[in-house]
Amino acid sequence: MIAEFGPESRPTGRRRGEDVGDILRAKRYFPFAALLLANFMEVLNAMFVNVSMPVVARDLHASSHITHWFYSSYALGFALTLVLTGPMADRIGHRRVFLAGAGLYVGASLSCALSGGIIAFLLSRLLQGAAFALTAPQIMGLLHILYAPQDRVRLLPALGFASASAGTFGPVVAGLLISGNFADLGWRVVFMVGAMIGATALLLGYWLLPRDTHRPEDGRDQGFLYRPMPLVIAVGAIMAMFEWLGRDTAGFHPWMMALAALPFLALWRIRRGTFSLRRPWDARSDPTALSQLATGAMLTICFSASSNSLIIIINHILQNGRGHSPYVSGAIQIPYGMGVFFSILFFGRFLLKKDGRFVIAAGAALLALAAPLIMWAGQNPHWPVWALLPILGLAGMGVGMTSGCIGPASMARTAPAHAGASAAALRLGQQIGLALGGALIMRPYFYLSQQPAAGAGPPSYLLVLLFVLATAVMLAASFPRPLFPPRA
């Protein structure tokens, strides 16, 4: 079940007198339990924040012009930290980086709960993003190192169950905690619960994750993934330009689309092999590994920008548009989480088949079909709330078919020595997508939602969302055939 390290590369570190390889063979599912909880924690945090944000904005008197920073500050902290620490796990150990991130998340969540003003809250959200930048890449990185390709795909239903459980019941729990106003804490109790879950992940990671899974001699200066400062400068500059261009009341400027194309242009050149690297990606690995990873990173940007923006808009429509409580808003999203779970359970296993890329493309197409229906039905007062349920289920299926499969498909040919850096690259794409979605989709939506009358034709944010999803469909169709190398 576990991929062998091999006699020449087996870690030499010991844990309580035993070799790490022996521990993995004897207790092969124990590390996966810690990764499962970390995956659950990440999705649950997103669901908690999405439901509580309208209440937080009212309580902290946040203006509509900075509402998008509730999400962009998290994305900025994640992206800037990720490019600095993503390859670090390949050098100093995945377990150490995971534990550091879990500890930082506990502190950042408590800081969110204790924030007395909007600035303190946004800074705490920045720290939350930095914390997940440390822990999240280790989920896919350790999964890639410890398990063979076939087994990674077979474990997808378990990861899907964790994500879907958090996505299904997280909004309900968050709404119940906020509406119940336990100990007169209101929305603050949501972040305190998140801190408790983070502390549990910290303990499990300490006891269950293996040591010495890194191989520093293979992780030296492997090109752009190990030269983070240019990426730090680029990410920070793009975010600053987005904020400057969107400073007017409309919150949108055509030049934002040109800036949004820059990450895709760089990744496309890498995919085509025309981007000059000081050293090759890895001469011993499959030559298509970097191209496949770059395609997955572009796809991750598109899908993160669209799917995250959509779920945030849904919460805003239900709570601010239709006046539902956070609890009702969370309960309405149950079909969405169920759709995510069942699509990963039934479609994720098709990745090993020759045309597995069709699953990812079909998922993006389903979301493109469901997104305008959700927005139209949610904003139409003549449509009952129950009519949203099947459409949300359809959207959840699309999200599960795509987001649940991007990671294994993108890293199918990546060498284990670069698992941490590769997983970090995908996570960086995810946060760049979240920032792009905040600037190009959420910001125009929040502005138009306050206007007394809407103009003729579809709104700009919906057109951008559909364009991004159409790009995701084309990228998914460009994955190589088969997704996994023949030896898998």
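A nonpolar core is a set of buried Ala, Val, Leu, Ile, Met, Phe, Trp, Tyr and Cys residues joined through side-chain atoms within 4.5 Å. In this predicted model, the largest such core has 131 residues, and the protein as a whole counts 488 residues, of which 59% are buried. The protein holds 18 helices and 2 strands, and the points below go from its overall make-up to the core, the aromatic pairs, the salt bridge, the surface and a few single residues.

**Overall make-up**

- Among the contacts in the protein with a separation of 6 or more, 85% are between residues 24 or more positions apart.
- The protein exposes about 19,500 Å², and carbon and sulfur atoms supply 67% of that area.

**The largest nonpolar core**

- Within the largest nonpolar core, the residues with the most contacts are Met-53, Phe-70, Phe-121, Trp-187, Phe-191, Leu-299 and Ile-374.
- Helix α12, which spans residues 289-321, gives this core its largest share, namely 16 residues.
- Trp-187, one of the residues with the most contacts inside the core, touches Val-55, Val-56, Asp-59, Leu-60, Cys-112, Ser-115, Phe-121 and Ile-178 when residues up to four places away in sequence are not counted.

**Aromatic pairs**

- A pair of aromatic rings is described by the distance of the centres and the angle of the planes.
- The structure holds 10 aromatic pairs, and one of them is the tilted pair of Tyr-74 and Phe-78, with 6.2 Å from centre to centre and 50 degrees between the planes.
- Tyr-74 and Phe-78 are separated by about one helical turn, because they stand 4 residues apart in helix α3 (residues 69-85), and both of these residues are buried.
- Phe-121 and Trp-187 form an edge-to-face pair, with 5.8 Å from centre to centre and 90 degrees between the planes.
- The pair of Phe-121 and Trp-187 links distant parts of the chain, since Phe-121 belongs to helix α6 (residues 118-146) while Trp-187 sits 66 residues away in the loop between α8 (156-180) and α9 (188-208).
- Phe-121 and Trp-187 are both buried, and ring pairs link these two residues with Phe-70 and Phe-191 into a cluster.
- The four residues of this cluster, Phe-70, Phe-121, Trp-187 and Phe-191, are also listed among the residues with the most contacts inside the largest nonpolar core.

**The salt bridge**

- A search of the whole structure finds 1 salt bridge, in which the side chains of Arg-188 and Asp-59 meet at 3.9 Å, N to O.
- Arg-188 lies in helix α9 and Asp-59 in helix α2, so the salt bridge ties together parts of the protein that are 129 residues apart in sequence.
- Asp-59 counts as partly exposed because its relative accessible area is 40%, and Asp-59 is also one of the residues that Trp-187 touches.

**A nonpolar patch on the surface**

- Leu-176, Tyr-327 and Val-328 form a nonpolar patch on the surface, and together these residues have about 250 Å² of accessible area.
- Leu-176 lies in helix α8 and counts as partly exposed, because its relative accessible area is 47%.

**Three residues in their surroundings**

- Val-43 has its place in helix α2, which covers residues 30-59, and this residue is partly exposed because its relative accessible area is 21%, where the cut-off for buried is under 20%.
- Leaving aside neighbours within four places in sequence, Val-43 is in contact with Ser-163, Ala-166 and Gly-167, and the C-alpha atoms of Val-43 and Ala-166 are separated by 5.9 Å although the two residues are 123 residues apart along the chain.
- Thr-135 is found in helix α6 and is buried, with a relative accessible area of 3%.
- With neighbours within four places in sequence left aside, the contacts of Thr-135 are with Phe-98, Gly-101 and Ala-102.
- Trp-69 is found in helix α3 and counts as buried because its relative accessible area is 18%, and its C-alpha atom is separated by 9.2 Å from that of Arg-125, a residue 56 residues apart from Trp-69 along the chain.

Notes: Residues are numbered from 1 along each chain as its sequence is written. This is a predicted model: local features need pLDDT of at least 70, side-chain atom pairs count only at pLDDT 80 or more; totals for chains, interfaces and linings use all residues. Side-chain values use heavy atoms; hydrogens and water are left out. Buried means under 20% relative accessible area, exposed over 50%, partly exposed in between (1.4 Å probe, protein chains only). Contact means heavy atoms within 4.5 Å. Accessible areas come from the Shrake-Rupley method with a 1.4 Å probe; for residues, only the protein chains shown count as cover. Rings of Phe, Tyr and Trp (its six-membered ring) pair if their centres lie within 6.5 Å; planes under 30 degrees apart count as stacked, over 60 as edge-to-face and the rest as tilted. Patches are made of residues with over 30% relative accessible area and no salt bridge: like charges are joined within 9 Å, nonpolar side chains (Val, Leu, Ile, Met, Phe, Trp, Tyr) within 5 Å. A salt bridge is a side-chain nitrogen of Lys or Arg within 4 Å of a carboxyl oxygen of Asp or Glu.
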